[in-house]
Amino acid sequence: MATRDEIEGMLARTALGDRASFAALYEACSAKLFGVALRVLRDRGEAEEALQEAFVRIWHKADQYAANGLSPMTWLITVTRNLSIDRLRKRKRREAQADGDAVELMVDPGLGPEALAVASDERTQIAACLGELEAARAGAVRGAYLDGLSYEELATRHGVPLNTMRTWLRRSLLKLRECLSR
């Protein structure tokens, strides 16, 4: 296992276009990053593709990693995890589009009147709690968790920096949890 300083060095040399360092970085980190992708995607083939995409991104963006005291492995994991989540969202959208018409026509035989009533109450409570949030933040929560939009897409949509969007979502989820526990 490469040390933090070794990984930072490999990243720095990769940023300069050093293919040998990039190969060493791949050798040192690919197993762990593959595990991250596999955990998100739960599909070995897709995880392999996500890992390949992650290393392409790392090759092109290694210069954006800043040795700032944070673990370089955290940066690598974040790149891999975000790409894996993007792939997962795309897969879900494709599946939803493929099943869209069929789902609308289907009636869930598993839900009885009691389950429907409980689901209706929960839906009403969630809608009421979303109504307590500022409109833009409620829209961001809907976009992230119901529409599957990425943080970047939401930041662009609402005209705020990416970190501000993350803060909005985190705080909104805390408020929703508090509201739902009342």
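**Exercises on pockets and fold**

The lining of the second largest pocket comprises four nonpolar residues, one polar residue and four charged residues. The model in which this pocket is found is predicted.

**Exercise A.** Identify the residues behind this division and the helices that supply at least two residues of the lining of the second largest pocket.

*Solution.* Begin with the space itself: the second largest pocket holds about 160 Å³. Next, list its lining, which consists of Leu88, Arg89, Lys92, Arg93, Ala144, Tyr145, Leu146, Asp147 and Gly148. Then sort these residues by class. Leu88, Ala144, Tyr145 and Leu146 count as nonpolar, Arg89, Lys92, Arg93 and Asp147 as charged, and Gly148 as polar. Finally, assign helices: H4 and helix H6 (135-145) each supply at least two lining residues, and H4 gives the most, with four.

**Exercise B.** Describe the largest pocket by its volume, its lining and the elements that contribute to that lining.

*Solution.* The volume comes first: about 850 Å³ of space lies in the largest pocket. Its lining numbers 24 residues, and those nearest the centre are Thr78, Val79, Asn82, Glu152 and Arg166. Two or more lining residues come from each of helix H3 (44-61), helix H4 (72-105), helix H7 (151-158) and helix H8 (162-180). H4 provides the largest share, ten residues. By class, the lining divides into ten nonpolar, seven polar and seven charged residues.

**Exercise C.** Is the protein chain compact or spread out in comparison with a globule?

*Solution.* Start from the secondary structure, which comes to eight helices and zero strands. Along the sequence this reads α-α-α-α-α-α-α-α. The radius of gyration is 21 Å, whereas the globule rule gives 16 Å for 182 residues; the chain is therefore more spread out than a compact globule. The C-alpha atoms fill a box of roughly 65 × 35 × 30 Å along the principal axes. For burial, 31% of the 182 residues count as buried, the cut-off being under 20% relative accessible area. As for contacts between residues at least 6 apart in sequence, 63% join residues at least 24 apart.

**Exercise D.** Characterise helix H1 by its span, its buried residues and the residue just after the helix.

*Solution.* Helix H1 covers residues 4-15, twelve in number, and reaches 16 Å from its first C-alpha to its last, close to the 16 Å expected at 1.5 Å a residue. Its buried residues are Ile7, Glu8, Gly9, Met10, Leu11 and Thr14. In an α-helix, residues three or four places apart point the same way, because there are 3.6 residues a turn. Just after H1, Gly17 adopts a positive phi of about 90°.

Terms used: Residues are numbered from 1 along each chain as its sequence is written. This is a predicted model: local features need pLDDT of at least 70, side-chain atom pairs count only at pLDDT 80 or more; totals for chains, interfaces and linings use all residues. Side-chain values use heavy atoms; hydrogens and water are left out. On a 1 Å grid over the protein atoms alone, a cavity is a set of points where a 1.4 Å probe fits but cannot get out, and a pocket is an open set with protein on both sides within 12 Å along at least five of seven lines; lining residues have an atom within 4 Å of a point. Grid points are joined across faces, edges and corners, and a volume is the space filled by probe spheres set on the points. The expected span of a helix is 1.5 Å times one less than its number of residues. Buried means under 20% relative accessible area, exposed over 50%, partly exposed in between (1.4 Å probe, protein chains only). The radius of gyration is taken over C-alpha atoms; the globule rule is 2.2 Å times the number of residues to the power 0.38. Contact means heavy atoms within 4.5 Å.
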